[in-house]
Amino acid sequence: MASLGQLTAGIAHEIKNPLNFVNNFADLSVELLDELKETSVIATLDEHQRGEIDETLDLLTGNLEKIAEHGRRADGIVKSMLEHSRGGTGERRESISTG
């Protein structure tokens, strides 16, 4: 059982690093899109161009929010795996009988 816990912990740690990368860059990309929206307000565009840009920015923001949402979900799974792997040390404990 202890080796299963060690395996689980190892897998969880290996998943955690790229997952942190995805989550951090999704958040950063949303911030960059917000800055781009602010910058595009001062640009001289006709209504059609502005509408297309706003629609594309909204789609990208929505996609990044979904990436972040699922990244947080995966992060929760990894945390659960780590907690589970720490739950049992593989050590035998003496039972205390109440009788």
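Leaving aside its neighbours within four places in sequence, which residues is N23 in contact with? In this predicted model, the partners of N23 turn out to be A68, G71, R72 and D75. N23 itself lies in helix α1. To see how those contacts come about, it helps to start with the overall layout and then come back to single residues.

The layout is easy to list: the secondary structure of the protein comes to two helices and zero strands. Helix α1 covers residues 2-41, and helix α2 covers residues 47-87. Two packed helices are described by the angle between their axes and the distance between the axes. Here α1 and α2 pack at an angle of about 160°, and their axes are 8 Å apart. An angle over 145 degrees counts as roughly antiparallel, and α1 and α2 are therefore roughly antiparallel to each other. As for handedness, α1 passes α2 in a left-handed crossing. Sorted by class, the residues in the contact of α1 with α2 are 21 nonpolar, 10 polar and eight charged.

What about contacts across the whole protein? Of those with a separation of 6 or more, 80% are accounted for by residues 24 or more positions apart. Buried residues, meanwhile, make up 21% of the 99 residues in the protein.

Some of the buried residues gather into nonpolar cores. The largest nonpolar core has six residues in all, namely A26, V30, L33, L57, L64 and A68. Both helices chip in, with α1 and α2 each supplying at least two residues of this core. Another core, of five residues, lies apart from it, and its members include A12, L19, V78 and L82. A68, a member of the largest core, is in contact with N23, A26 and D27, once its neighbours within four places in sequence are left aside. One of those partners, A26, belongs to that core too.

N23, the residue from the opening question, also appears among the partners of G71. This glycine is found in helix α2, and leaving aside neighbours within four places in sequence, G71 is in contact with L19 and N23. Of these two, L19 is one of the residues of the five-residue core. G71 is 49 residues from V22 along the chain, yet the C-alpha atoms of G71 and V22 are separated by 7.1 Å.

Are G71 and N23 buried or exposed? Buried means under 20% relative accessible area. G71, at 5% relative accessibility, therefore counts as buried. N23 is buried as well, with a relative accessible area of 13%.

K16 gives another view of α1, the helix in which K16 is found. At 18% relative accessibility, K16 counts as buried. Not counting neighbours within four places in sequence, K16 is in contact with D75, V78 and K79. D75 has already come up as a partner of N23, and V78 as a member of the five-residue core.

Finally, there is A9, also placed in helix α1. A9 is buried, with a relative accessible area of 17%. With residues up to four places away in sequence not counted, A9 touches L82 and S85. L82 is among the residues of the five-residue core. A9 and E83 are 74 residues apart in sequence, but 8.6 Å apart in space, C-alpha to C-alpha.

Methods
Residues numbered from 1 in each chain as written. Predicted model: local features only at pLDDT ≥ 70, side-chain atom pairs only at ≥ 80, totals over all residues. Heavy atoms only, no water. Core = buried A, V, L, I, M, F, W, Y, C linked by side-chain atoms within 4.5 Å. Buried < 20%, exposed > 50% of the residue type's maximum accessible area, 1.4 Å probe, protein only. Helix = DSSP H or I, 4+ residues; strand = E, 2+ residues; numbered from the N terminus. Contact = heavy atoms within 4.5 Å. Axes fitted to C-alpha atoms, helices over the stretch in contact; angles between N-to-C directions. Parallel < 35°, antiparallel > 145°, perpendicular 65-115°, else oblique. Left-handed = near helix turned anticlockwise from the far one by under 90°. Nonpolar A, V, L, I, M, F, W, Y, C, P; charged D, E, K, R; others polar.
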